Structures are given as structure tokens and as C-alpha cells.
Amino acid sequence: SGDRTNITGSLNGAIIYNSGTGNVTNNAVEISGGVFGGTIRAGYTNGTGSANYNSVTISGGTFGSSIYGGYSVSGDAIGNVINISGGTFEPASGWTSFDIIAGYGADNKTVSDNEINLYGNVNLEKVQLFGSSGGSSGQVLNNVLNVKFTNQSNAKIKSINNFNVIN
């Protein structure tokens, strides 16, 4: 109790590098405190596999760089979820904003059924939200943003992009 975690590099739930052919699936990153200066990804592959059904849940902490549910350089990104109910989101020095992306997939692949859920009263005025990124010539379907702020009039989000449904 009272310990503080400072991470300046990237934080990954699961990762496959380079020529890896496997998928990163069903990985979870849960954060309730600490300082994070690098990219956070629940599932990441720069091999040929997909990043499916990974999740990031944030209830506290300070964040200064991009956050991804699932990230695949060459494959699909399906069913990834990001839940945010707390935290401070302030871009790292030299940046004016950063991205929170539920699912990032290759341009010719499927990027679908990814979701961002916002709860409480989180200030995201320096954050760009994306349901999907990539997949431009593949199938981009059913990417959802659910906003459940306790005080909607105080809600601030820099931009909302690539969602098929907003609730």
C-alpha cells in the first residue's frame, strides 16, 4: 500500500514480435494507479497473427501516451475492449494529445466489435478516441463507444473517431 509505479517504457499484456505467427488473445491489463509514460497495449503483435478479445481496464493512474486494447500490424483486431472509470490523461511533454484505440488492425483485415466504455467523470479533453484504426480496405464493423458519465455536462473528449455506434 502506498507504493507508486512509474513506467516510462511500453506496457504490454502479451506480445509477439517479428516473424511470430501466433495470435494475442484474451489478455487483460488492469490499472488502478501509477504513472505511465509509454504506450499501453493489452495484446500486441507485429508478426502475422491477430489481436483479438484483449482488454484494458483503467480506474486510476496518470497516462501520457497511447492506449490500445488490441494491436495487430498484419492481422485482424476483433472484440477488444477498453474500460475507463478514472485516471488523469495528460500528453507527454511535446505532445498536444494522444490516442486511445480499442482495436488496431492491418488495412486489408477485419477490425470489428471493438469497444470503449467510459464511466464516472473522466476528463479526456486531450485524448482522441478511436473504435478502430486500420482495416480501411477490410471489414470495419460494430465498433462501439459507450458513454456512461455521471455528469454528462462536464464530459470533455478531444475527438471521437471510427465508431459505428455511439451510446
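**A tour from paired strands to aromatic rings**

Select Ile 82 to begin: it stands opposite Ile 116 in S16. The model on display is a predicted one.

Next, show the strands around this position. Ile 82 belongs to strand S12, which covers residues 81-84. Strand S16 comprises residues 115-120, and S12 pairs with it in the parallel sense over four bridges. Now display strand S8, residues 55-58, which is joined to S12 by four bridges and runs parallel to S12. To find one point of contact between S8 and S12, select Ser 55, whose bridge partner in S12 is Val 81.

Remain at S12 and turn on its side chains. In a regular strand, side chains alternate between the two faces of the sheet. In S12, Val 81 and Asn 83 point one way, while Ile 82 and Ile 84 point the other way. Are these four residues of S12 buried or exposed? All of them are buried.

The tour now moves to the aromatic rings. The model contains six aromatic pairs. Select Phe 63 and Phe 89 and compare the planes of their rings: the planes meet at 20° and the centres lie 5.2 Å apart, so this pair is stacked. Stacking requires planes under 30 degrees apart. The pair links distant parts of the chain, with Phe 63 in strand S9 (residues 62-63) and Phe 89 in strand S13 (residues 88-89), 26 residues apart. Both Phe 63 and Phe 89 are buried.

Then select Tyr 68 and Tyr 104. Their rings form an edge-to-face pair, with 90° between the planes and 6.4 Å from centre to centre. Tyr 68 lies in strand S10 (residues 67-72) and Tyr 104 in strand S14 (residues 98-105), so the pair ties together parts that are 36 residues apart in sequence. A surface view distinguishes the two partners: Tyr 68 counts as buried because its relative accessibility is 11%, whereas Tyr 104, with a relative accessible area of 24%, is partly exposed. The cut-off for a buried residue is under 20%.

Which residues are linked into a cluster by ring pairs? Add Tyr 44 and Tyr 71 to the selection, for these two residues, Tyr 68 and Tyr 104 form that cluster.

As a last stop, select Arg 41. This residue lies over the face of Tyr 44, at 3.9 Å from the ring centre. The charged end of Arg 41 also sits over the ring of Tyr 71, 5.9 Å from the centre of that ring.

Key. Residues numbered from 1 in each chain as written. Predicted model: local features only at pLDDT ≥ 70, side-chain atom pairs only at ≥ 80, totals over all residues. Heavy atoms only, no water. Buried < 20%, exposed > 50% of the residue type's maximum accessible area, 1.4 Å probe, protein only. Helix = DSSP H or I, 4+ residues; strand = E, 2+ residues; numbered from the N terminus. Pairing = 2+ DSSP bridges. Phe/Tyr/Trp six-rings, centres within 6.5 Å; stacked < 30°, edge-to-face > 60°. Lys NZ or Arg CZ within 6 Å of the ring centre and 35° of its normal.
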